[in-house]
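Let's take a walk through this one together. Have the sequence and the 3D view open side by side as you read.

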Amino acid sequence: MGQAPAKAPAGGLEIGKEIVPDPVGAGNAIYLDGETGDDNKTGESPEQAVMTFDKAKELAAANPAIDTIFVTGRVLLDTSDISLSGTKAILKRGPNYLGCLLLIKPDAEVNLTNITIDGGALDSAPAEDCLIDCRGTLNILDGAILQNNNPTEYPGGAVFGKRAIISMKGGIIKNNYAPRGGGIYLETNSVLHMIGGSINDNSCDDFGGGYIFYKLYRSNVWWNSFR
C-alpha cells in the first residue's frame, strides 16, 4: 500500500517538499476589479474578482470574516454614497496593482463616509497613482480615512482632482506621499471647500506636503487641522 500524502501545514499548500504560502488575504478578503471583474463571480480570488463596489460590499456584509476588499483594477463611481458601514472591511490596494483605486466620473457626485481606503504602503505595496482620481464632485465626510499611499509617478497621494469639486467636511487624510501634493493635488479649474476634517503627516519630494493647487479656480479653507 502506498503512503498517504503528507498533510500541508496551516497557512500553506505543500507542492512536493515546497510549502507555498496561501494568497494574501485568502479566506478573509474580497477582490474587486472595476476593469475586468464580473459581479457574477465569487470575489474570492483575483481571478474571481467582482466588478462593482456595491457587490463587494454586499459580499463583505454577508461574511463577518471579511476584513479587506482588495482593489485590483480601477473602479468607476457614479453618483453614490460610498461607505463600508455594516462590514468589518477596509478598501485596500491589491497586491501588484499600481493604478488609482477609485475614479469619480465627470458630473458624478460621491459621498465618502465610514470607510478606510488604504494604499498598502505599510506593506511595501508598490504604487504609481493616487487613491482617488476625481473628475466630478467628492464629499469627504465623517469616518472617511484616506491613508498609506505612496505613488511614485503621479501627483496626489490620496486625491488627485482635475476640473473637480472637493468638499472636505470631516474625515482624515494621513500618511500619504507623492512627488507633488502628498495629501491632495488639484489642478485645472478645480474647487476646494475645506470646513472640517484633518490632513496630517503627508509628504512629498517637491512641494505641497498637505495639498497643492495648480490653476485652481477657487479655494475656501476654514476650520481644519494640518500637520
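One bit of vocabulary before we set off: a residue counts as buried when its relative accessible area is under 20%, and as exposed when that figure is over 50%, with partly exposed covering what lies in between. Keep in mind, too, that you're looking at a predicted model.

Put that cut-off to work on Lys-92 straight away. This lysine sits in strand β7, and its relative accessible area is 17%. Buried means under 20%, so Lys-92 is classed as buried. What does its side chain meet in there? There is a polar contact of 2.4 Å between the side chains of Lys-92 and Asp-123. Asp-123 also turns up among the residues that Lys-92 touches beyond its neighbours within four places in sequence, along with Thr-68, Ile-69, Phe-70, Val-71, Leu-101, Asp-118 and Gly-120.

Now step back for the overall layout. The chain has 1 helix and 24 strands. Of its 227 residues, 45% are buried. If you take the contacts between residues at least 6 apart in sequence, 73% of them join residues at least 24 apart. As for the surface, the chain exposes about 11200 Å², and carbon and sulfur atoms supply 50% of that.

A good place to dig in is strand β4, residues 68–73. Is it buried or exposed? Here 6 of the 6 residues are buried, so β4 is largely enclosed by the rest of the structure. One of its partners is strand β3 (residues 29–33), which runs parallel to β4 and is joined to it by 5 bridges. Within that pairing, Leu-32 stands opposite Val-71 of β4. To get from β3 to β4 the chain passes through helix α1 (residues 53–62), and this β-α-β crossover is right-handed. Strand β7 (residues 90–93) pairs with β4 as well, again in the parallel sense, over 4 bridges. Look at Val-71 once more: in β7, its bridge partner is Arg-93. So Val-71 has Leu-32 opposite it in one pairing and Arg-93 as its partner in another.

Next, helix α1 itself. Its buried residues are Phe-53, Lys-55, Ala-56 and Ala-60. They cover an arc of only 165° around the axis, which puts them on the same side of α1. What covers them? The list includes β3, β4, β5 (75–77), β6 (80–82), β7 and β10 (115–118). Turn to the face that points away from this buried side and you'll find the exposed residues Asp-54 and Ala-62.

On the way into the helix, have a look at Ala-49, in the loop between β3 and α1. Although it's in a loop, Ala-49 counts as buried, at 4% relative accessibility. Setting aside neighbours within four places in sequence, Ala-49 contacts Tyr-31, Leu-32, Asp-33, Gly-37, Asp-38, Lys-41, Gly-43 and Thr-72. Its C-alpha is 10.0 Å from that of Glu-35, a residue 14 places away in sequence.

Moving further along the chain, β10 takes part in a parallel pairing with strand β13 (residues 144–147), over 4 bridges. Ile-115 stands opposite Ala-144 of β13 there. From β13 you can carry on to β16: the two run parallel and are joined by 3 bridges. In β16, Ile-173 is the bridge partner of Leu-146.

Two loop residues are worth a click for their backbone angles. Asp-107, in the loop between β8 (102–104) and β9 (109–112), has a positive phi of about 75° although it is not a glycine. With a relative accessible area of 80%, Asp-107 is exposed. Asn-175 is another non-glycine residue with a positive phi, near 60°. You'll find Asn-175 in the loop between β16 (172–174) and β17 (177–178), where it is partly exposed at 36% relative accessible area.

Last stop: Leu-192, in strand β19 (residues 191–194). How much of Leu-192 is accessible? The relative accessible area is 1%, so Leu-192 is buried. Leu-192 and Ile-165 are 27 residues apart in sequence, yet their C-alpha atoms are 6.0 Å apart in space.

Notes
Residues numbered from 1 in each chain as written. Predicted model: local features only at pLDDT ≥ 70, side-chain atom pairs only at ≥ 80, totals over all residues. Heavy atoms only, no water. Buried < 20%, exposed > 50% of the residue type's maximum accessible area, 1.4 Å probe, protein only. Pairing = 2+ DSSP bridges. Right-handed = clockwise from strand over helix to strand, strands pointing away. Contact = heavy atoms within 4.5 Å. Areas by Shrake-Rupley, 256 points an atom, 1.4 Å probe, with all protein chains shown as cover. Arc of directions from axis to C-beta. Polar contact = N/O pair within 3.5 Å; in protein donor to acceptor, adjacent residues only side chain to side chain.
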